[in-house]
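Got your viewer open? Let's take a walk through this model, one selection at a time.

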Amino acid sequence: QPQNAQLLLAAGMGEPIGKIPTSMGKLRNPYADGDVTAATVRDAVCKIRGNYAAYVAAASSLAAAAAATGGPETAVQEVVWAARVGTEHRRARHFSRVMGSSYHRGLAVASGF
């Protein structure tokens, strides 16, 4: 899941253990031999251990933000409701014109991501 890896990196919550594929495409496994090695794993672990407090702080900050939204139970309920009734009613009529993007991008901007 390359996009998730990029999000974690951008949030300061992790380090890559090797080359991150640009996309999954149609491949079940987008990694090639040599993308992840003992050396790349060692380097990532050493980098995290060297500044562990910063990684913990970043993860704690995201955990607090997630908890403030109601946690996983609320997220599941939102997905169920979206599947039943859609999501169009949840956004302002002119949101994309005002924000220049989608509703979800606006949420990411507002939350600091």
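Of the contacts in the chain with a separation of 6 or more, what percentage comes from residues 24 or more positions apart? The answer is 35%. Keep that in mind as we go, and remember that you're looking at a predicted model.

**Stop 1: the whole chain**

Show everything as a cartoon. You should find 6 helices and 0 strands, so to speak a plain α-α-α-α-α-α pattern when you read along the sequence. Of the 113 residues of the chain, 12% count as buried.

**Stop 2: colour by confidence**

Now colour by pLDDT. The mean for the chain is 80, and 77% of the residues reach 70 or more. Where is confidence highest, and where is it lowest? Select residues 38–50, and you have helix 2, the high point with a mean of 95. Then select residues 103–111, which make up helix 6, the low point with a mean of 47. Next, pick residues 105–113: pLDDT stays under 50 over this stretch, and the model has 6 contacts for it beyond four places in sequence. Where pLDDT is low, the predicted coordinates should not be read in detail. Let's move on to other parts of the chain.

**Stop 3: glutamate 15 and lysine 47**

Select glutamate 15 and lysine 47 and show their side chains. They form a salt bridge, with the closest N and O atoms 3.5 Å apart. What does this pair tie together? Glutamate 15 sits in the loop between helix 1 (2–10) and helix 2, while lysine 47 belongs to helix 2, so the bridge links parts that are 32 residues apart in sequence. Is glutamate 15 buried, partly exposed or exposed? Glutamate 15 is partly exposed, with a relative accessible area of 24%.

**Stop 4: the other salt bridge**

The structure holds 2 salt bridges. For the other one, select arginine 42 and aspartate 43, whose closest N and O atoms are 3.2 Å apart. Side chains of opposite charge can pair when their charged atoms come close. Both partners are partly exposed: arginine 42 has a relative accessible area of 48%, and aspartate 43 is at 44%.

**Stop 5: isoleucine 48**

Stay in helix 2 and click on isoleucine 48. At 24% relative accessibility, isoleucine 48 counts as partly exposed. Which residues does isoleucine 48 touch, not counting those up to four places away in sequence? They are Glu15, which you met at Stop 3, and Tyr55. Now try a distance: from the C-alpha of isoleucine 48 to the C-alpha of methionine 13 is 9.0 Å, although the two are 35 residues apart in sequence.

**Stop 6: leucine 9**

Hop over to helix 1 and select leucine 9. Leucine 9 is partly exposed, with a relative accessible area of 27%. Leave aside its neighbours within four places in sequence, and leucine 9 is in contact with Gly14, Glu15, Pro16 and Ile20.

**Stop 7: a pocket to finish**

Select Ala5, Glu15, Pro16, Ile17 and Ile20. Of the 15 residues lining the second largest pocket, these lie nearest its centre. How big is the second largest pocket in volume? It has about 210 Å³. Its lining divides into 10 nonpolar, 3 polar and 2 charged residues. Glu15 turns up here again, having already appeared in the salt bridge with lysine 47.

Terms used. Residues numbered from 1 in each chain as written. Heavy atoms only, no water. pLDDT = per-residue confidence, 0-100. Helix = DSSP H or I, 4+ residues; strand = E, 2+ residues; numbered from the N terminus. Contact = heavy atoms within 4.5 Å. 1 Å grid on protein atoms, 1.4 Å probe; cavity = no way out; pocket = protein on both sides within 12 Å on 5 of 7 lines; lining within 4 Å. Points joined across faces, edges and corners; volume = space filled by probe spheres on them. Nonpolar A, V, L, I, M, F, W, Y, C, P; charged D, E, K, R; others polar. Salt bridge = Lys/Arg side-chain N within 4 Å of Asp/Glu carboxyl O. Buried < 20%, exposed > 50% of the residue type's maximum accessible area, 1.4 Å probe, protein only.
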